[in-house]
Amino acid sequence: MTAFFAILAAIGFAAWWSTARKRKAEAQHMAAEAAKLSALHAEAIDHHQHRLETLLDSMIEGLVVLDVNGRITLANRAAETLFGFSRQMIGGTLLEAVRHHEVAALAARLGSETAILDHELRIEGPPPRVLQVNAVALRDGAGIGGGAMLVFHDLTRLRELEGARQEFVANVSHELRTPLSLIKGAAETLLDGAKNDPGAVERLLQIIDRHADRLTLLIDDLLLLAKLDSGRIVIHPEPSALRSATQEVFGDLSKRAAARNVRLENAVPSGLMAQADPDRLRQVLSNLVDNGIKYGKAGGLLTVSARLLSESVIEVGVKDDGPGIPQDALARVFERFYRVDKARSREQGGTGLGLAIVKHAVQAHGGEVRVESEPGQGAAFYFTLPVAKPGQ
Ligand code: ADP
């Protein structure tokens with residue numbers, strides 16, 4: 001009997017042992033599954049976090065997120081670059097990070113505002129910058145405050161372009177007004193009685209004629225420059241012989257050269273062919289040779305030369321032996337309406353746009369322009385063009 005109970009107990013124990021082992025295995029399995037799930041979850045969070053960071057860091061705008069206490073919880077790379085702060089600033093205040101009271105004040109105003117706040121911030125630099133700041137309060141579904149987000153747009157380039165446009169319009173108006181007022185003055189003088197004086201009539205009509213020509217030239221140059229600038233002029237490059245192109249321009253300008261007794265020398269080797277639009281090439285050469293005649297030495301020498309810079313690039317040079325260009329003006333002569341000597345340019349009938357047209361026309365061919373000058377040693381303008389492609 002005792003043996004019977006002993007066997008029963010043994011069977012009972014074996015059954016319990018097996019169930020207990022099974023439960024333990026199941027528990028271990030579940031724990032392993034839970035650990036796996038949790039690892040997967042952590043990986044997914046990491047992945048999303050990384051994606052979010054990559055996304056925010058690829059934004060052009062700077063982004064800063066603040067918690068309810070005004071401390072930074074997130075800042076993207078653009079914000080760090082704009083204000084020169086590092087990731088260590090996370091947890092710090094906005095003022096510590098951006099060091100601009102206006103921005104901190106803007107964020108402080110958000111507490112009572114529901115709208116997106118807008119502010120233009122000028123940073124002294126260097127380099128000076130203009131930023132547009134948009135700030136918005138972050139609220140949860142119940143409308144309870146949850147910190148703030150600030151977005152910084154860099155408007156510097158836009159403002160520079162706007163400034164350049166305004167300056168350009170002011171310059172154009174000024175340039176148009178000068179000949180117009182001279183034409184108007186001459187016409188009024190004629191109407192006021194000078195029409196009865198044959199000598200005065202001739203002189204005043206010449207003024208009207210000369211300044212009407214100047215207006216036409218200015219408008220032609222402005223339109224051409226606008227088209228070159230916007231890429232609306234389609235160039236048709238073709239193999240162009242540089243020596244004969246130079247000779248044609250010399251022919252066109254021979255009277256002007258003779259008037260100042262300037263000798264024109266064509267030192268371009270024959271056989272040198274550039275891949276260039278013939279009209280634009282003539283224009284570039286014409287503007288540079290004309291300048292050399294206008295601003296070079298009376299009775300001096302103007303030389304056009306050319307050489308191969310590489311297998312695919314030709315450099316053309318236009319050099320005079322006049323007074324040259326002061327060092328501080330060299331970087332500016334290709335700007336629209338920039339003149340070293342305004343009175344002299346106007347007296348010579350210049351529009352102030354010749355070199356800007358040269359630059360754009362050369363760039364339209366993929367070339368570059370540059371100028372070299374030593375005061376008193378003349379000026380040398382160089383531009384590059386592609387070598388003509390064989391068989392074209
Ligand atoms: P402009 O119509 O006044 O000639 P450009 O754009 O052709 O306008 O030239 C800009 C300025 O560059 C000129 O006003 C002149 O002061 C200077 N410049 C251009 N070419 C020469 C040169 N060969 N020698 C000296 N100064 C020059």
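Q: In this predicted model, about how much area does the protein chain expose?
A: Carbon and sulfur atoms supply 57% of the exposed surface. The whole exposed area of the protein chain comes to about 23400 Å².

Q: What is the radius of gyration of the protein chain, and how does it sit against the globule rule?
A: The chain has 11 helices and 12 strands. For 392 residues the globule rule gives 21 Å, and the chain goes well over that, so it is more spread out than a compact globule. The C-alpha trace spans about 155 × 60 × 35 Å along its principal axes. The radius of gyration itself is 38 Å.

Q: What share of the 392 residues counts as buried?
A: To count here, a residue needs under 20% relative accessible area. Of the 392 residues in the protein chain, the buried share is 35%.

Q: How far apart are the mean positions of the positive and negative charges?
A: The protein chain carries 45 positive and 48 negative charges. Take the mean position of each set, and the separation is 2 Å.

Q: Which helices and strands do the buried residues of H11 pack against?
A: Helix H11 covers residues 354-364, and eight of its 11 residues are buried. Among them are Leu355, Ile357, Val358 and His360. Their packing partners are helix H6 (198-230), helix H9 (278-295), strand E11 (369-373) and strand E12 (379-386).

Q: Which residue with a positive phi follows H11?
A: Look just past the end of the helix for a phi near 85°. That residue is Gly366.

Q: Which residue forms a salt bridge with Arg77?
A: The closest N and O atoms of this pair are 3.6 Å apart. Arg77 lies in helix H2 (residues 77-83) and its partner in helix H1 (residues 2-57), so the bridge ties together parts that are 20 residues apart in sequence. The partner counts as buried, at 17% relative accessibility. It's Asp57.

Q: About how many helical turns separate Lys184 and Glu188?
A: These two form a salt bridge, with the closest N and O atoms 3.4 Å apart. Lys184 is exposed at 52% relative accessible area, while Glu188 is partly exposed at 39%. They sit four residues apart in helix H5 (residues 156-191), so the separation is about one helical turn.

Q: What is the N to O distance in the salt bridge of Glu248 and Arg282?
A: Glu248 is in helix H7 (residues 242-252) and Arg282 in helix H9, so the pair ties together parts 34 residues apart in sequence. Glu248 is partly exposed at 40% relative accessibility, and Arg282 is partly exposed at 33%. The N to O distance is 2.5 Å.

Notes:
Residues numbered from 1 in each chain as written. Predicted model: local features only at pLDDT ≥ 70, side-chain atom pairs only at ≥ 80, totals over all residues. Heavy atoms only, no water. Helix = DSSP H or I, 4+ residues; strand = E, 2+ residues; numbered from the N terminus. Rg over C-alpha atoms; globule rule 2.2 N^0.38 Å. Buried < 20%, exposed > 50% of the residue type's maximum accessible area, 1.4 Å probe, protein only. Areas by Shrake-Rupley, 256 points an atom, 1.4 Å probe, with all protein chains shown as cover. Lys, Arg positive; Asp, Glu negative; His and termini not counted. Charge placed at Lys NZ, Arg CZ, Asp CG, Glu CD. Contact = heavy atoms within 4.5 Å. Salt bridge = Lys/Arg side-chain N within 4 Å of Asp/Glu carboxyl O.
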